[in-house]
Amino acid sequence: MAGSGDLWARWGEWQRHDARGMKGGEALILELNRIVHSSGIVSPVTSRRGLTARLRYLDSPAGREALAEQGVSSRTMRSWTRGTAAPSPASRERIDAAYWWRRRENLIRSGWLVRHLDNDGRGRRMEIYPVDQSHVDSKYSRPLSDRSIMVRYIWPDLVSAWAARNATLVDEIWDDVITDLDSDYAAYAYVSAVGIGA
């Protein structure tokens, strides 16, 4: 399978005329991050409820380890959970980062994310939004439309590559996704965004 850069060569250098977008693999990573964030605590860490919920979630050996990696000591966390001290804005950011790291790891470890995306083998509908050509001179633009496809089978490999932060493998998986479009699939090697119906 050719890399995304090789596929795009069939349309020329896509940014030459000010088309705007990103690799399809990058868009997939952003969309998986969005799905994880949409499944977590809704209240922001700046609110009392959001802060309390995050500290509760992190009240475990793995959670304390995630906080320690953000530079927060167990003693400091105890003072926050007891209410004897309040975290500073910078500390709230550390708590939020630790929470999302643990949330991501738990969704991966539990298999929830793969099961959710695989949807009992039915897969998920994926919306593909082509590069933004609004700044491209009309004589250089191409007639590209949003595409909608049902995607199956890739989810275990995609989540594994995303979990390992293996962008190269995510790019390869994206190439597999777009080959199901049609003969114009190379024009979707780069996109403005990807949406997963999950």
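## Overall make-up

Of the 198 residues in the protein, 41% are buried. The model is a predicted one. Its exposed surface comes to about 10,900 Å², and carbon and sulfur atoms supply 47% of that area.

The protein has nine helices and four strands. From the start of the sequence to its end, these elements run in the pattern α-β-α-α-α-α-α-α-β-β-α-α-β. Among contacts in the protein with a separation of 6 or more, 75% are between residues 24 or more positions apart.

## A patch of negative charge

Four acidic residues, Asp157, Glu172, Asp176 and Asp180, gather on the surface in a patch of negative charge. By residue number, Asp157 falls within α8 (155-163), while Glu172 and Asp176 fall within α9 (167-178). Asp180 is in the loop that runs between α9 and β4 (190-196).

Asp180 has a relative accessibility of 60% and therefore counts as exposed, since the cut-off for that class is over 50%.

## Two residues with positive phi

Asp120 is not a glycine, yet its phi is positive, at about 55°. The residue sits in the loop between α7 (112-118) and β2 (124-130). Its relative accessible area is 67%, so Asp120 is classed as exposed.

Arg165 also belongs here: its phi is near 55°, a positive value in a residue other than glycine. The loop that holds Arg165 lies between α8 and α9. With a relative accessible area of 57%, Arg165 is exposed.

## The loop between β2 and β3

His135 is located in the loop between β2 and β3 (147-151). Its relative accessibility is 42%, so His135 counts as partly exposed; that class covers values between the buried limit of 20% and the exposed limit of 50%.

Ala19 and His135 are 116 residues apart in sequence. In space, the C-alpha atoms of Ala19 and His135 are 6.5 Å apart.

## Loop residues in brief

The loops described above hold residues of two accessibility classes. Asp120 is exposed at 67%, Arg165 is exposed at 57% and Asp180 is exposed at 60%, whereas His135 is partly exposed at 42%. Asp180 is also part of the negative surface patch with Asp157, Glu172 and Asp176.

Key. Residues are numbered from 1 along each chain as its sequence is written. This is a predicted model: local features need pLDDT of at least 70, side-chain atom pairs count only at pLDDT 80 or more; totals for chains, interfaces and linings use all residues. Side-chain values use heavy atoms; hydrogens and water are left out. Patches are made of residues with over 30% relative accessible area and no salt bridge: like charges are joined within 9 Å, nonpolar side chains (Val, Leu, Ile, Met, Phe, Trp, Tyr) within 5 Å. Accessible areas come from the Shrake-Rupley method with a 1.4 Å probe; for residues, only the protein chains shown count as cover. A salt bridge is a side-chain nitrogen of Lys or Arg within 4 Å of a carboxyl oxygen of Asp or Glu. Lys and Arg count as positive and Asp and Glu as negative; His and the chain ends are not counted. The place of a charge is taken as NZ of Lys, CZ of Arg, CG of Asp or CD of Glu. Buried means under 20% relative accessible area, exposed over 50%, partly exposed in between (1.4 Å probe, protein chains only). Contact means heavy atoms within 4.5 Å.
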